[in-house]
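Hello,

Here is the structure I promised to pass on to you. Have a look at it first, and my notes on what turned up follow straight after.

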Amino acid sequence: MSNTTWPIYLPIVFIIGVAIAIWGGIVVNNQVKSERYHQLVLESEKKTADISVKWSLLDGAMQSYRSLIGARTGLSNSNMSAMTNSLATRIDALKYVAVFDGKLSHKFTPVLSYSATGLDSIDNHELADALDSKKSFFKNFDKLSILPIHLKNKSHPEHYVWAVVPLNKDNGRIVILIDLYRLMGPNFALQAEHDTAPDIRISFVGDNSTFHVYDHDTNNHKYDHKSLINIGGAQWILGWNYNKDSAGDYNWGIIFSAVVLLITMFLIWILWTQYTISALIRSEVITRTKELEQASRRFRLITDNAYDLIAIVSIRGDFEYINSAYNRVLGYSRKLVFGQSILDFVHEDDGSYLKKAIDAVINGRPVSEVSFRMRSKKNDWIHLEAVAKGIFDNSWNLTSIVIHCRDVTARKKYADELARSEQRFKDFADSSADWLWEVSNDFVFSYVSPGVKSTLGYTPQDMMGCTIFDALFANGDNASRELLEGLAKRHQPYRELEFWTRTKMGERVCLRLSGIPVFDKDGNFSGYRGAATNITASKIDRENMLRLATTDHLTGLLNRNRFMEELEHTIALSRRHNTEGVVLFIDLDRFKVVNDTHGHEAGDLVIKDFSSVLKKSVRSTDIISRIAGDEFAVIMHNVDIKKAAEKVSELIACVNKMRVDYKGTNLQVTISVGMAGYPQAGKDASQILTSADLAMYKAKDMGRNRLYIDEGMLVSDKNNATMREQLEWIDRLRESLDKDKFEMHFQPIVPCNKGSHVIYEALIRLRDENGKLGAPALFIDAAEHFGMIRDLDKAVVERCIKMQAELSKKDKNVVLSINLSGMSFGDNELLQCMKKFFKKYKADPTKFIFEVTETAAMRDINEAQSFVSGLKKMGSKFALDDFGVGFSSFFYIKHLEVDYIKIDGSYIRNLDTSSEDRLFVKSLVDLASGLGIETVAEFVENQSILDELKNMNVTYAQGFHLSKPEKDIEALFDTFDNTEAGVKKSVKKLVAKKPTKPKSSKGDNKSKAANE
């Protein structure tokens, strides 16, 4: 209770005490009155019972006497006296007894009177008159009546009443004088005489009215008691009233209030005394508390600013206090760990150590030291070194334990890392191919790692005591020794110094040495330390890599890159020194047949043997290279074309004689050689090699196994002009593919009979610098020679798929036929590209037919079957072009899922004049029809051929007679629509034309397969 609240509590206690005293006095007084009231009630009930009993006895006695008298007209004095004496004797309340006789209509006359005190004072006549006046009360002769008799003589007290018992109608009444005081008892009489005597009422109830026989009223109506009594067969009310105030006084309430007030004053005195004492104690406590708080603040300031972790735990190990370092180091707040055991935060392997330290302090040890790991809030383990010390109370009982911890995680980590580093260094030094060394200031080895043994064959003990120069350069590179000695004298570092030396066994090894000078704290030179690496294998590998990077691994000849470097260098020298030479481009004829027939192992043997023949056939100064698989190139410098041609002729003769024995089979090849002279104005090394390459293809076209010379300046040579033209077209083709500048033309394939739809064959076209369409054969051949044919096929397929999707959106569902080259046929990559294009442009694969020539399909039947199967899974169809020119045509239509065969034009061109051609075509058509394959006839150049085809039931016709290739496919679609009427209309229109055979018809149809 604070000092400021005491002045408030004292009056509150006083007010409460006074209130309790007043309230208690009232309650006590009311309780006393209540008890007196209950006592009066009990007494009243008891009196009522007594009176009721006495009246009953009186009533019974009177009724008995009435019976005795009966109808008798008179009684003798002796009988009457005996009766009255008997009444007075039996009922003490009957002080006076008098008997009167008479009728109701006559005056009552006393028959007998008896009195202990004398009844003479009563005037009998007056009594008779009084009774006669009250005769209405006892008109019922069966009941005893009680009524007050007010006589003129006032000497009779008010507590006397008269009892009248009727005898009969004629023989009068018995009248008895009754003393109510006597009847109700002595206490009643005393109270009646007292100032506080009760009010007394006796009333007769009859005829719904109340008549007061006796009424003693003191106007005290505080307590009212009424009793209903049956007297003489009539209902009488006997009641009295008491004043409640007379039932008790205020003495007990005053006494209680006084006692409470005394107790209140005593409590106030005690409280005031306590207040005085507590004020003194409080002042002392405040002083001591301030001192403790100041000490606590100093303690918390010291502990919270300490880097170490300080905790106070109970003897059970539960946290009671932690400083702020716990939050800084471990992340725990006081609220988080309070009440928890410190062992719950300690590593399970270290808990026993800490428990032993705490037990040691509990058992009396002053200080206990321990190391353990404690888990942080981030679930890291912190290494701690701790000192545990006990805290005692005034009785030197151990109450708590202080655990002072220091975070040694970093030190532990550094120590572990140092140990690991030392072990790592030792492991590296022991296991590394490199070896570490250290020399003193006089360059004598002071440390050598065990790796030196695997490098030089010496043990570290062999090296100790030797200088680095004598140990490494005794049988080695003197120039490197001089360089190393010079650097060492100048105390300069050296890095990756490579030199050759010898091992203990005399083997030659190459070392790479690195070292840095070492200085003491005063800056004085104390030696070198470094590492040495055995790079013998890498030195050899580098030489091998250089050789592999510039030569062909199979033949040992220069590779293409190295050859181009040599060619550029040779051309530059020839221009500088005004010399000339030639470049040969050599290709083995039909080398692919050797690989396909006998395998690549046989092909490798042929390549090696040809390389040997080539080296022997040219000069030692000539540069030979293997450009690709079966392609070779030779630089012959300082030679004219004529002499070079002679050497090539000798080479061709030697190759013709060459036989390669492979598993009992003699393999023979020939070569085609192209020659181009250098230097040529405006041509670099790549262009000159290309000229030689084209010349080689020309030699193949001329029949193989020969030489063709591209003399460069012989513009009159028609063949040279064609080769240059192909070279120009390949540049145009590359530009067209890069910029999407090529064109697509379409030639309709018209159904010969009703019920079929028109097909449009897609043909690629390029324009020259003058805007004229070029011959497809030129850029198609060039694309195949220079490896661009696959890119060309892919571009054509994408363009056609995109165009068909756009036409479908215009409700022109054209069916396109696309030619594929032999190099692309069977290429799974192209098949995946088709799927991607169909998905990209949302085109219908069922609207496409892919053509390939019969000769292209002959290359690999397995690849052909897989490719065609892939087309069919997409929903596209497959056509076999130039059918009938091969020897195995029927074999391929049996093993390939062919939808269309395009009969070669050589059988259609003279169909109207040649019976042999008609017989052959008829056979093909019947065969195809039986196999469910539709037929297409090419080179339809007049109406008579068309009529023959219709008669043979050929499905489709294609040629200049029907339509030339056109760029506008929508216009062609409007003419050659897919309705039966449209087809007939178109055919009729064509029939009306004059048959012609344009000169270009054959050539254009020959080259129509633009991406073939």
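R316 is exposed, with a relative accessibility of 64%. I start with that residue, in what is a predicted model, since its side chain forms a salt bridge with D318, at 3.4 Å from N to O. D318, on the other hand, is buried, at a relative accessible area of 17%. With the cut-offs for buried at under 20% and for exposed at over 50%, this pair joins a buried residue, D318, to an exposed one, R316.

Two further salt bridges are worth opening in your viewer. In one of them, the side chains of R626 and D552 meet at 3.2 Å, N to O. This pair ties together distant parts of the chain, with the two positions 74 residues apart: R626 belongs to strand 21 (residues 623–626), while D552 sits in the loop between helix 15 (536–550) and helix 16 (560–577). How accessible is R626, buried or exposed? R626 counts as buried, at 13% relative accessibility, and D552 is buried as well, with a relative accessible area of 12%.

The other pair is D926 with K922, where the closest N and O atoms are 3.5 Å apart. Here both residues lie in helix 28 (residues 915–930), and because they are four residues apart, about one helical turn separates them. D926 is partly exposed at 42% relative accessible area, and K922 is partly exposed at 31%. There is also a network: E761, E851, K902 and E938 are joined by salt bridges that share partners. Over the whole structure, the search finds 33 salt bridges.

Now to the helix packing. Two packed helices are described by the angle between their axes and the distance between the axes. For helix 18 (residues 600–617) and helix 19 (residues 641–657), the axes come within 10 Å and cross at roughly 145°. The crossing of helix 18 and helix 19 is right-handed. On the helix 18 side, the residues in contact are F610, V613, L614 and S617, and they meet K647, L651, C654 and V655 of helix 19. By character, the residues of this contact are six nonpolar, one polar and one charged.

Next, two sheets. Strands of a sheet pair through backbone hydrogen bonds, either parallel or antiparallel. One open sheet has five strands in the order 11-10-14-13-12, with antiparallel pairing. Strand 11 (319–322) and strand 12 (367–375) are at its edges; each has a single partner strand, so one side of each has no neighbour in the sheet. On average, neighbouring strands of this sheet are turned by 30° against each other, with direction ignored. Within the sheet, strand 10 (residues 309–314) and strand 14 (residues 398–407) run antiparallel and are joined by six bridges. One of the bridge pairs to look up is S314 with S400, the latter in strand 14.

Helices pack on this sheet too. Helix 6 (residues 251–304) touches strand 10 and strand 11, and its direction makes about 75° with that of strand 11. Helix 9 (residues 351–362) touches strand 12, strand 13 (381–392) and strand 14, and its direction makes about 150° with that of strand 12.

The other open sheet, also of five strands, follows the order 21-22-20-25-26, and its pairing is mixed. Strand 21 and strand 26 (707–710) are the edge strands, each pairing on one side only. Neighbouring strands are turned by 20° against each other on average, direction ignored. Strand 25 (residues 671–678) pairs with strand 26 in the parallel sense over four bridges, and M675 has I709 of strand 26 as its bridge partner. Helix 16 packs on this sheet, in touch with strand 20 (581–588), strand 21, strand 22 (631–637) and strand 25; its direction makes about 25° with that of strand 22. You have met strand 21 above, as the home of R626.

Finally, some totals for the chain. The chain has 32 helices and 34 strands, and 45% of its 1012 residues count as buried. Among contacts with a separation of 6 or more, 60% are between residues 24 or more positions apart.

Best wishes, and happy viewing!

Methods
Residues numbered from 1 in each chain as written. Predicted model: local features only at pLDDT ≥ 70, side-chain atom pairs only at ≥ 80, totals over all residues. Heavy atoms only, no water. Salt bridge = Lys/Arg side-chain N within 4 Å of Asp/Glu carboxyl O. Buried < 20%, exposed > 50% of the residue type's maximum accessible area, 1.4 Å probe, protein only. Axes fitted to C-alpha atoms, helices over the stretch in contact; angles between N-to-C directions. Left-handed = near helix turned anticlockwise from the far one by under 90°. Contact = heavy atoms within 4.5 Å. Nonpolar A, V, L, I, M, F, W, Y, C, P; charged D, E, K, R; others polar. Pairing = 2+ DSSP bridges.
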